[in-house]
Amino acid sequence: MASTTRYAELSAASAFSFLHGASQPEELAARAAELELPAVALCDARGLYGAPRFYKACKAAGVRPLVGAELDVDGEPLKLLAMSRDGYRNLCRLLTEGALGRPKGEQSYDWGLLERYGAGLHALTRSPSHLARLRSLFPGRFHAELQRHRLRAQEAENRALLRLGVPVLATNGVRYARPTDKPVYDALCCLRWKTTIDRAGRRLEANRERHLKDGAEMARLFVDLPGALAESAALAERLEFTLDDLGYRFPEFPLPPGHDPDSFLKSLVEERAPVRFIPDSPKARAQIAHELAIIAKLGLAGYFLVLWDIIEFCRREKILVQGRGSAANSAVCFALGITAVDPVRMELLFERFLSEERGEWPDIDLDLPSGGQREKVIQHLYAKYGQRGCAMTANVITYRPKLAMRDVAKVMGYSAERVDKLCKGITSREGGSQAGLLEQARAAGLDPAEGRVRKTLALWKRFLNLPRHLGQHSGGMVLTEGRLDAVVPLEPAAMPGRVVIQWDKDDCADLGLIKVDLLGLGMMAAFEAALPMIERHEGVTVDLAALPQDDPEIYAMLGRADTVGVFQLESRAQMASLVRHLPERFYDIVVQVAIIRPGPITGGMVNPFFARRRGREPVTYPHPCLEPILKRTLGVPLFQEQLLRMAMTAAGFSGGEAEELRRAMGFKRSAERMEAVELRLRAGMTKKGIGSAAQDQISKLITSFALYGFPESHAASFALLAYASAYLKVHHPAAFYASLLNCWPMGFYHPETLVQDAMRWGIPVHPIDVQRSGRLCRWEENGVRLGMRFLKGFAHEAADAVEAHAPFTDTWDLARRAGLSAKELDLLAGGGALAGLGLTRREALWQAAKAGRPAGPLFSEYKDISPSPLPEMDAEDETLADYESSGLTAGVHLLAHRRAHLRELGALSIVELESVPAGSSVKVAGLVIARQRPPTARGFTFITLEDETGLAQGIIPPALFASHRAALTAPVLLLEGPLSKAPGHLSVRATALWPVECEGEVPSHDYH
């Protein structure tokens, strides 16, 4: 029965208070609705981090979401509630002023800020020292906050506040939704205090009272002060502001005289379309006219002009840029040069990008070279719109399985060693089955039946997906007309020169804030590095926009899965797929990019496609009307656009209705909405005269696959980059490998794998040498000279000094003119970089030790050239020294040194597997350069083995993984099992495996 007591909770904090609250905003909203609370104010610590999600959840639940924040003033908490839109603006500016200009996470608020930005805000406090100031700064807009958590000391504080004769109201100081959430709150508090549950003592609250309570329960607590409850409800009614009205506006583009945004956009498109669309077809002109009409109707011309302006800046600054995502479906975007895919020729669906029915702004992603070039564009926007006119979107870092286990185990008092063991086997994508958790506990030497272990595992599950801290989104920037800090609080990013808003990209979209995604791609940076290198050393100018798309050498390379370093096509799964697909034309690459994705895999589309591709299965269609839509993908739907077109063709949906269908089947799909969607589909198909059997097949395809389908436009944009990277690998391999190495970290593999792949391609790779190397890798005699950037611990400044002063006569000359320390000389010597001075590895170490010793002025020119007494390294020692010093070697592969031992174990080299019949049981050993356990693989683990002759894949069944989990972390593994073969691709399904003894660490790409 609903409570008759009027009460609204005006003091709640969510988990977005980061270690000060334990429940998600959605959990608070749901619980408030259960308790029939009319309104709840979310007052997260130092910001409005959880406000958008709380607003959205409360709107759905029928609870009025009020906006506030809790600040620390004079060492005491003070809550500020937004009464009006002006008050909300002031709250945002106050929070911004307290954060900007200070180190990240060190906000500071004082009475001066409250005086400047206090208008339109209502203050709540439990601090008597605050009340005197609030009387003058917040006249008629403050209350003393009474809370009763059944604590004697707290009640004494309440009596003291009542004696002051100030207005009072009741709150519960909520920190979690339900009493059962208290253990999570305690653990988060321990993390904040950097202590354990055992040591926290009385700092933990004595009971579970800080949960949401209904009016009846609060009335029992405040039976002697009914007015305090009534005042809470009355104040909630006076707080007019919610996030319904932010007052956000996208920036207006400066227009030339005589133009409005629509006319200027039209003039730009008409001027550029004949150059971009070749030939300039009537179909392209009609599509452009259609899009311009919709853009004008929706008032979005200014948005396209702002994006075009960014593209023009990149062109002026010679920065590679390419738009992707659903924007590639737009002929207007292609005409303006925002995207590089011709959507008319590719027959892409514009409504996937923009439609009248969607009622939201389009989303355009711009790919830029990672690093300095992308930063130049970001800083250009800060300069153009001001530090208060634009900011990066935030990225809420949530607790994933491994991080959750690490923090919970610390709180529960386990040693650092035990914490490492508990976390070691957890991969970032594991859901954490009960059996897997118990196995982890046993592997760490714990008894799963013991009480503390059970509580640790239970708490770990409660931590998953809670927000942990606020990071910076990879590239989203929000732009506004006027001041952005009047719409959302801003704060400094960890990176200098960056400002971020307090909301992530999804929250921005929910509240209508428009972001522009400036995404850094390592491959774009590699292109920018490679093209001038090719022109300088090979005398060839490569235009990536004009590459021939029918190069047979490229398709031959793809067909044999020789794709290490090729954008989007280098993973184990892509390699295995390429040899089944055998691409022959550019559209095959578009399909290849899209097919190794969760959608086609979980939707069961991969095997039928390849069976039809190889002629083992006939091409069929659910209904003849769908043949034009599915013909290019052999009757198998692979792309989101195909599913939308299927709904339009088979069920008569409009383009906007089809896009709404896709959105309805999003991640938060409900059974009711899915049923309604299917009813609409079937009604439309019945009207079109499609029979029940075809209806069943079409409905199943659309409703099961729409959630996961990859956009064709996105795949086409990526395919352009994939083809360009393949072109460079085939025709300009030295520049290709040097650029990839210089732009690392990027891609799927560690630099050592790239070096080994280059040498298998016959590209000379020269070792680091103080006489020839720079900080970065260089093109040298149609090969690659490794750069000093790979020497572990060797500072960039030291590498630049060596590069600037080379060549050197001896170690003493190097030390003196490059100004190197003893440690830096030792790093160069240990990495073999002094070979150019005529020194063996041990001679170099001996001389480096002597040259690095400080010498007074009397002995500054003295050189101790006595010979080294140290025994010389053998070839294997040098390889191990290379791995230790730089993680890679330009010399002999480590397993070449071990080949005799591996033969004794019965292991074949990878190249020898080529001559073994498929299905034979074989043994093969290799360095493990990648470990993967994708969620779509039903528990199978995949490892990539590398030896001196090539790469092979190992497939580890779930049972073998469970029994050999620890062994799988070994750097070298020996597998035994049946051999599977395809041209360029070898795999062994392991029935047994053993770690092979190996000194040193070998870099690998694990579980990403």
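Which residue lies over the face of Phe 790? That's Arg 789, at 5.1 Å from the ring centre. Keep in mind that we're looking at a predicted model.

There's another arginine like that. The charged end of Arg 572 sits over the ring of Phe 942, and the distance to the ring centre is 3.7 Å.

Okay, on to rings meeting rings. Searching the whole structure turns up 20 aromatic pairs. Take Phe 736 and Tyr 737: their ring centres are 5.2 Å apart and their planes make an angle of 75°, so we call this pair edge-to-face. The cut-off for that name is over 60 degrees. Are these two buried or exposed? Phe 736 is buried, with a relative accessible area of 3%, and Tyr 737 is buried too, at 1%. Elsewhere, five residues make one aromatic cluster: Phe 250, Tyr 303, Phe 304, Phe 350 and Phe 353.

Now let's find the sheet. It's an open one with 7 strands and mixed pairing, and the order reads 8-9-14-11-10-13-12. Strand 8, residues 322-324, and strand 12, residues 490-492, are the edges; each has a single partner strand, so one side of each has no neighbour in the sheet. On average, neighbouring strands here are turned by 45° against each other, ignoring direction.

Zoom in on strand 12. Its pairing with strand 13, residues 499-504, is antiparallel, over 3 bridges. Leu 490 stands opposite Ile 501 of strand 13.

Last stop: which strands does helix 32 lie across? This helix, residues 712-731, crosses strand 8, strand 9 (365-369) and strand 14 (515-521), and runs at about 145° to strand 8.

Note on methods:
Residues are numbered from 1 along each chain as its sequence is written. This is a predicted model: local features need pLDDT of at least 70, side-chain atom pairs count only at pLDDT 80 or more; totals for chains, interfaces and linings use all residues. Side-chain values use heavy atoms; hydrogens and water are left out. Rings of Phe, Tyr and Trp (its six-membered ring) pair if their centres lie within 6.5 Å; planes under 30 degrees apart count as stacked, over 60 as edge-to-face and the rest as tilted. Buried means under 20% relative accessible area, exposed over 50%, partly exposed in between (1.4 Å probe, protein chains only). A charge sits over a ring if NZ of Lys or CZ of Arg is within 6 Å of the ring centre and within 35 degrees of the ring normal. Two strands pair if DSSP finds at least two bridges between them. Helices (H or I, at least four residues) and strands (E, at least two) are DSSP runs, numbered from the N terminus. Axes are lines fitted to C-alpha atoms, for helices over the stretch in contact, and angles run from 0 to 180 degrees between N-to-C directions. Contact means heavy atoms within 4.5 Å.
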